[in-house]
Amino acid sequence: MKEVRWKWMEHHGKRIMYVDYRGMKPKEIMPLMKETNDAVAASRGKVLILGHVKGAVVTREVMDYLKRSASMVLRHRADKIAVVGATGLMAVFFDSFVVALERDNARKFATEEDALKWLSE
């Protein structure tokens with residue numbers, strides 16, 4: 001049975017897409033990103049997204065796909081994007097992703113609690 005790595009959740013009356021990339025490898029990340037991008041594209045209105053990336057392995061291929069999805073889907077459909085666990089090289093990749101978004105609606109957080117607080121403001 002396929003492990004479910006994303007879900008819609010409620011926090012302080014806000015609907016948030018929670019995506020769990022923790023410990024994933026690139027071959028696992030790519031299909032999950034496609035699945036969640038499709039869900040964002042199909043949703044009504046703007047979407048709040050929380051991604052947990054601690055221990056995920058990101059390659060140039062993953063980053064290229066993420067940048068493409070930023071320009072095609074996320075720039076237009078994501079209201080706010082919060083990422084937890086982006087440290088070291090992952091933090092550099094995240095900063096590159098924010099540049100691709102061409103908006104100031106994505107931030108890094110140390111904890112899910114802080115990320116959820118910002119998303120629900």
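Begin by selecting R15 and W8: the charged end of R15 sits over the ring of W8, at 3.7 Å from the ring centre. The coordinates on display are those of a predicted model.

**Second stop: K80 and W118**

Next, select K80 together with W118. K80 lies over the face of W118, and the distance to the ring centre is 4.8 Å. W118 is itself buried, with a relative accessible area of 8%.

**Third stop: the aromatic pairs**

Keep W118 in view and turn to the aromatic rings. The structure holds three aromatic pairs. For the pair to be selected now, F94 and F97, the ring centres are 6.0 Å apart and the planes stand at 50°, so this pair is tilted. Colouring by secondary structure places both F94 and F97 in helix α3, which covers residues 89–101. The two are three residues apart, about one turn of the helix, and both F94 and F97 are buried. Add F109 to the selection beside W118: the centres of these two rings are 5.5 Å apart with their planes at 40°, so the pair F109 and W118 is tilted. F109 has a relative accessibility of 17% and counts as buried, because the limit for that class is under 20%.

**Fourth stop: R5**

Move to R5, in the segment before β1 (6–11). Is R5 buried or exposed? The relative accessible area of R5 is 17%, so R5 is buried. Display polar contacts here: the side chain of R5 reaches the backbone oxygen of R22 at 2.8 Å. Expanding the selection to residues in contact, and leaving aside neighbours within four places in sequence, brings in Y18, V19, D20, Y21, R22, M24 and L32.

**Fifth stop: T36**

Now select T36, which is found in helix α1. T36 is buried, with a relative accessible area of 4%. The side chain of T36 reaches the backbone oxygen of M33 at 3.2 Å. Beyond its neighbours within four places in sequence, T36 is in contact with W6, M17, V19 and Y21.

**Sixth stop: the cavity**

Y21 and M33 lead on to the interior space, as both are among the residues nearest the centre of the largest cavity. How many cavities of 30 Å³ or more are there? The count comes to one. About 390 Å³ of space lies in the largest cavity. Its lining consists of 26 residues; to find the centre, select Y21, M33, V53, L66 and V83, which lie nearest to that point. Then show the secondary-structure elements around the largest cavity: β2 (14–20), α1 (26–42), β3 (47–52), α2 (60–77), β4 (78–84) and α3 each supply at least two residues of the lining. Which element gives the most to the lining of the largest cavity? Helix α2 does, with six residues.

**Last stop: D79**

Finish in strand β4, where D79 is found. D79 has a relative accessibility of 36% and therefore counts as partly exposed. Show what surrounds D79: apart from neighbours within four places in sequence, D79 is in contact with K46, V47, L48, R103 and N105. To end the tour, set a distance between the C-alpha atoms of D79 and E61: the two residues are 18 apart along the chain, and these atoms are separated by 25 Å.

Terms used:
Residues numbered from 1 in each chain as written. Predicted model: local features only at pLDDT ≥ 70, side-chain atom pairs only at ≥ 80, totals over all residues. Heavy atoms only, no water. Phe/Tyr/Trp six-rings, centres within 6.5 Å; stacked < 30°, edge-to-face > 60°. Helix = DSSP H or I, 4+ residues; strand = E, 2+ residues; numbered from the N terminus. Buried < 20%, exposed > 50% of the residue type's maximum accessible area, 1.4 Å probe, protein only. Lys NZ or Arg CZ within 6 Å of the ring centre and 35° of its normal. Polar contact = N/O pair within 3.5 Å; in protein donor to acceptor, adjacent residues only side chain to side chain. Contact = heavy atoms within 4.5 Å. 1 Å grid on protein atoms, 1.4 Å probe; cavity = no way out; pocket = protein on both sides within 12 Å on 5 of 7 lines; lining within 4 Å. Points joined across faces, edges and corners; volume = space filled by probe spheres on them.
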